[in-house]
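Got your viewer open? Let's walk through this one together, one selection at a time.

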Amino acid sequence: MYGLIWLTDLRSEMDSIDLLIMLTSAVCHDLDHTGYNNAYQINARTELALRYNDISPLENHHCAVAFEILEKTESNIFRNLSTEQFKRIREGIIKCILATDMTRHTEILNKFKAILPVFDFSDKDHRDVLMMIMIKVSDISNEARPMDVAEPWLDCLLQEFFNQSDMEKLEGLPVTPFMDRDKVTKPSSQTGFIRFVLFPLFTELANLFPCLEASKETFCLQKLKKINKTYLIKKLRHKVTGRECVD
Ligand SMILES: Nc1nc2c(ncn2[C@@H]2O[C@H](COP(=O)(O)O)[C@@H](O)[C@H]2O)c(=O)[nH]1
Ligand SMILES: [Zn+2]
């Protein structure tokens, strides 16, 4: 988020409260994550799903934990702000963190696409949607980093996915297909994710900030080509040698 704010020069378009909302939301958006997604929470009828009536149980929880921390005087980084400022910050953080529920991806992206041709920084509704897009891009931007930085994090993510699908199988719950170790491989998961989720999102943000075009090309497209190439080489090697090497 910090990098994105600099890259897009948002400091010249948005005030410091909006910047504070985006930065704090980015820091807090996954607080106390259980490692099991909302589908699992709902299907397994966990405490969080019960508490939040199946409505974005994780994101509601991350946000509530953030404000519990901020309630404590020693950790309330907003303690010197006015009641009005705090109210605006709280409203903004709640909007941003709740926007990271991936089941809302298309809804939020479509809202952004609709306002893009007439985007106006002085319109609060437009700024709110942009802030949601900013946190969404930051949230899923791991693959926009160089391979050697992104891959260890990706390995952790896949470990989390496989752990969830193993648990779903064990508990007789519906198995989340993109988390199933018997169905996905690292390259298949990433080419699909980059092509259908990450790239379209980056593309729309780059439509508002043309300065992001270069980063989009360098990171997303080149990464996609690299993963595809590695995948094809591994597949070919597997065909020739018969040795399983598609990881
Ligand atoms: N297959 C991949 N899925 C990814 C990747 N980066 C993010 N994600 C998905 O987005 C959510 C983000 O939610 P959060 O709870 O971490 O805020 C994550 O759970 C994945 O489903 C990726 O590189 N590949
Ligand atoms: Zn996240």
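**Starting with the whole chain**

Of the contacts in the chain with a separation of 6 or more, 65% are between residues 24 or more positions apart. Keep in mind that you're looking at a predicted model. Switch to a cartoon view and you'll find eleven helices and zero strands. Follow the chain along its sequence and the pattern reads α-α-α-α-α-α-α-α-α-α-α. Now colour by burial: buried residues make up 23% of the 247 residues.

**Two domains**

Next, select residues 1-140 and give them a colour; that's domain 1 in the domain assignment. Give 146-246 another colour for domain 2. Taken over C-alpha atoms, the centres of the two domains sit 25 Å apart.

Now go to where they meet. On one side are 19 residues of domain 1, in contact with 21 residues of domain 2. Which helices each supply at least two residues of the domain 1 side? Select H3 (38-43), H7 (105-115) and H8 (124-139) to see them. H7 gives the largest share of that side, with four residues. Colour the domain 1 side by residue type and you should get twelve nonpolar, five polar and two charged residues.

**Along H8**

Stay with H8 and try a quick check. Its 16 residues, at 1.5 Å a residue, should span 22 Å, and the end C-alpha atoms are 22 Å apart, so the two agree.

Now show the side chains of its buried residues: Arg-127, Val-129, Leu-130, Met-131, Met-132, Ile-133, Met-134, Ile-135, Lys-136 and Ser-138. What do the buried residues of H8 pack against? Light up H1 (2-7), H2 (16-28), H6 (83-98), H7 and H10 (186-208), and there's your answer. By its numbering, H10 lies within the 146-246 stretch of domain 2.

**Over to H5**

Last stop: select residues 57-71, which make up H5. This helix has 15 residues and reaches 21 Å from its first C-alpha to its last, close to the 21 Å expected at 1.5 Å a residue.

Which residues of H5 are buried? Pick out Pro-57, Leu-58, Glu-59, His-61, His-62, Cys-63 and Ala-66. To see what covers them, turn on the neighbours, which include H2, H3, H4 (47-51) and H6. You've met some of these already: H2 and H6 also pack against the buried residues of H8, and H3 supplies residues to the domain 1 side that touches domain 2.

Terms used. Residues numbered from 1 in each chain as written. Chains lettered and ligands numbered in written order. Predicted model: local features only at pLDDT ≥ 70, side-chain atom pairs only at ≥ 80, totals over all residues. Domains from an automatic or database assignment. Contact = placed C-beta atoms within 7 Å. Nonpolar A, V, L, I, M, F, W, Y, C, P; charged D, E, K, R; others polar. Expected span 1.5 Å × (residues − 1). Buried ≥ 20, exposed ≤ 12 C-beta atoms within 10 Å, placed from the backbone.
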